[in-house]
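Please open the model in your viewer and keep the sequence panel beside it. The tour below suggests what to select at each stop and says what is found there.

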Amino acid sequence: MRLFRKETWKRSLEAQFRLAPLRLAFDLGTFPIVIKEALNLIGIEAGVGMPPVGGIKPEAREELKGILKNMGLLK
């Protein structure tokens, strides 16, 4: 948003493309749970999902790990 407000369009668009895989990962579960899981994976304690939502499936967690690794956010 900061880049967009400065009218640095090219850099703003590049930032959006870098974030696109994470936005697409929202389909792996419910929005707040996927974000919490991503934060927990990269080392930022975000806790667990509250009932009745719960967590994400193990397969989705592995896919999220792959996305974070490809984004350079996880080793």
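Select E37 first, together with I56, R61 and L64: these three are the residues that E37 contacts once its neighbours within four places in sequence are set aside, where contact means heavy atoms within 4.5 Å. This is a predicted model, in which local features need pLDDT of at least 70 and side-chain atom pairs count only at pLDDT 80 or more, while totals for chains, interfaces and linings use all residues. Residues are numbered from 1 along each chain as its sequence is written, and side-chain values use heavy atoms, with hydrogens and water left out.

Staying with E37, colour residues 31-41, which form helix α3, the helix that holds this residue. Is E37 buried or exposed? E37 counts as buried because its relative accessibility is 14%, and buried means under 20% relative accessible area, exposed over 50% and partly exposed in between, with a 1.4 Å probe and protein chains only.

Next, select I56, one of the contacts of E37. Leaving out residues up to four places away in sequence, I56 touches L28, G29, I33, V34, E37, R61 and L64.

Now show the side chains of the largest nonpolar core, which has twelve residues, among them L22, L28, I33, I56, L64 and L68. A nonpolar core is a set of buried Ala, Val, Leu, Ile, Met, Phe, Trp, Tyr and Cys residues joined through side-chain atoms within 4.5 Å. The elements that each give two or more residues to this core are α3 and α4, the latter spanning 58-70.

Within helix α4, move to E59. E59 counts as exposed because its relative accessibility is 57%. If you draw a distance from E59 to L28, C-alpha to C-alpha, it should read 9.1 Å, although the two are 31 residues apart in sequence.

Finally, zoom out to the whole chain, which has four helices and zero strands; helices (H or I, at least four residues) and strands (E, at least two) are DSSP runs, numbered from the N terminus. The C-alpha atoms fill a box of roughly 40 × 25 × 20 Å along the principal axes, and buried residues make up 21% of the 75 residues. Of the contacts between residues at least 6 apart in sequence, 47% join residues at least 24 apart.
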